[in-house]
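Work through the following exercises with the model open beside the text, and try each task before reading its solution.

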Amino acid sequence: MVNSSAARRETQLKLKTSQEYRQAGFAWVGSLIVTLALLMSSYDWETQAIKPYVGVACIIYGVFTLLQVLLTLLIRRDIRVRGEIHGVTRALGYIQILSLVTGNLFLVPAAFQLIQKRKSPEYTLAVYTLLTQIAVIGISAINLYKPYVADTFLTGMFILLAVAAFDLFLVVLTARFVRRRQVPRRLAWVAYPLLLTSLTGNLFALALGIILLVRIRERDNPAVAGWEDVLERLTRNTTAMLGLLFIAFLFSISVCSYVTFDYGMAVDNNYSLILQPPSLAYPLGTDNFGRCLFTRIIFGARISLIVGVMSTVLPLLLGGTLGAISGYYGRYTDNIIMRALDVLYAIPGILLAIAIIAAFGANTVNLILALSVGAIPTYARTMRANVLQVSTYEFVDAARAFGSSNAAIIFKHIVPNSLAPMIVKSTLTIGGAVISTSSLSFLGLGIEPHIPEWGNILKLGSTYLETNSYLAIFPGLAIIALVLSFNFLGDGLRDALDPKMD
């Protein structure tokens, strides 16, 4: 009886710790939600008929979702009976990879994780690099249904396809040669062209290229070994990686839209296409000026990302510097800095932003500054608390004994060891900055009205909620997805940087 209970507990522990099982379960749930959404949108209530292309997509998604449910059950059975996943079950993952043609970003990562028994963080990053590139190609290819495309469209698509082929080759290389904490030196030649492909805006390619070079050149550095553990914990977190995938996709499509999308469709009025419903040519419909809503959301992502990131980086640098100085010197310096920041902290951030924009005008630069000023005190307080703790460690006393200057001690020894909470906080607050950006634009106090930005698009669509609700639903969903992605990534970084999570 005792042995059977111990065996059940061991089996439950294996199921909880199995990355393949957790990701397979997450994949079929996410895919089922997408399938149900397609099913609801496949019926045209006006004509009382099923939209053919949406109905076919719904059937294909449903088939792959059922296959994923089957794979999840097989993985569960294998772990319970054999203690590990059977080779036949892993082989079925190659069939699930075919879901790549449907753009199902829930199933494809689970399939790549299933087919590889020993997975390194580099392999996971290579997979997400490929997925990001394919997602950008798929979204850009929708422009083929439009009446006309950008002059650089064919050249841009050719470059993106060539980069995707290289990324696929990279997945094979990392699966075959890279093992945990072991990167062959002969793979150094791959890192340089990989960094070159990051010019498409693929953040995964940039991160993987840097990691390969660091792993090859600094393999015996204990500091690098510590960050390897963080990277491994992060890549095992499915929700964090999917959140980062959406962020990387938006960043990449924002860069590639310069060559694959026509900006005129986002800003030029076309009164012959006013308030068109979603179709192949205009996937999200058109607004009251005949502008393509799909194209406007793509170009609007650029503004939302720039403002969200910059309004987080500026207070991170300024508040972090003030907090480090305050925490290290203490006494009068601490009182002067923190009391001044307390005055700033007492003013509600959104009201301060409105006052600054009202005084200096509504444009992108003023919006970034307005959102940054109100966030400085929170970053300063976080850094101050970290510095107060780190400054008591022995290596700081050793640095003083060796005659290091105060500036060297602060920025070379204390600040690098206080960055982990700041990184997590900044990631979590970018989502709030995106919401604030959209809110101010909705109120007419953010980005100029003629520029495609998600808040502006949402404001325009809110006047057509009863007749053309899609004009407000799609930009609203885009804002929700981006904020959730940053929150998922922030939670994943918090867990990865916490050594207690091992």
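**Exercise 1.** Is Asp-334 buried or exposed? Establish this, and then describe the salt bridge in which Asp-334 takes part.

*Solution.* This is a predicted model, in which local features need pLDDT of at least 70 and side-chain atom pairs count only at pLDDT 80 or more, while totals for chains, interfaces and linings use all residues. Residues are numbered from 1 along each chain as its sequence is written, and side-chain values use heavy atoms, with hydrogens and water left out.

Step 1: Asp-334 has a relative accessible area of 11% and is therefore buried (buried means under 20% relative accessible area, exposed over 50%, and partly exposed in between, with a 1.4 Å probe and protein chains only).

Step 2: its salt-bridge partner is Arg-384, and the closest N and O atoms are 2.8 Å apart (a salt bridge is a side-chain nitrogen of Lys or Arg within 4 Å of a carboxyl oxygen of Asp or Glu).

Step 3: the pair joins distant parts of the chain, since Asp-334 belongs to helix H14 (residues 331–345) and Arg-384 to helix H16 (residues 364–390), 50 residues apart (helices are DSSP runs of H or I with at least four residues, numbered from the N terminus).

Step 4: Arg-384, at 25% relative accessibility, counts as partly exposed.

**Exercise 2.** Which residue forms a salt bridge with Asp-342, and how far apart are the closest N and O atoms?

*Solution.* Step 1: the partner is Arg-339, with the closest N and O atoms 3.0 Å apart.

Step 2: the two residues are three residues apart in helix H14, so about one helical turn separates them.

Step 3: Asp-342 is partly exposed at 23% relative accessibility, and Arg-339 is likewise partly exposed, at 44%.

**Exercise 3.** Which residues of helix H8 are buried, and how are they arranged around its axis?

*Solution.* Step 1: in helix H8 (residues 188–197), the buried residues are Val-190, Ala-191, Leu-194 and Thr-197.

Step 2: viewed down the axis of H8, these buried residues fall within an arc of 115°, so they line one face of the helix (the arc is that of the directions from the helix axis to the C-beta atoms).

Step 3: helix H7 (153–177) and helix H9 (203–217) are included in what covers them.

**Exercise 4.** Which helix has the lowest mean pLDDT among the elements of the protein?

*Solution.* Step 1: the lowest mean, 53, belongs to helix H1 (residues 2–17), and the highest, 90, to helix H11 (residues 238–260) (pLDDT is the predictor's confidence in each residue, from 0 to 100).

Step 2: where pLDDT is low, the predicted coordinates should not be read in detail.

Key:
Contact = heavy atoms within 4.5 Å.
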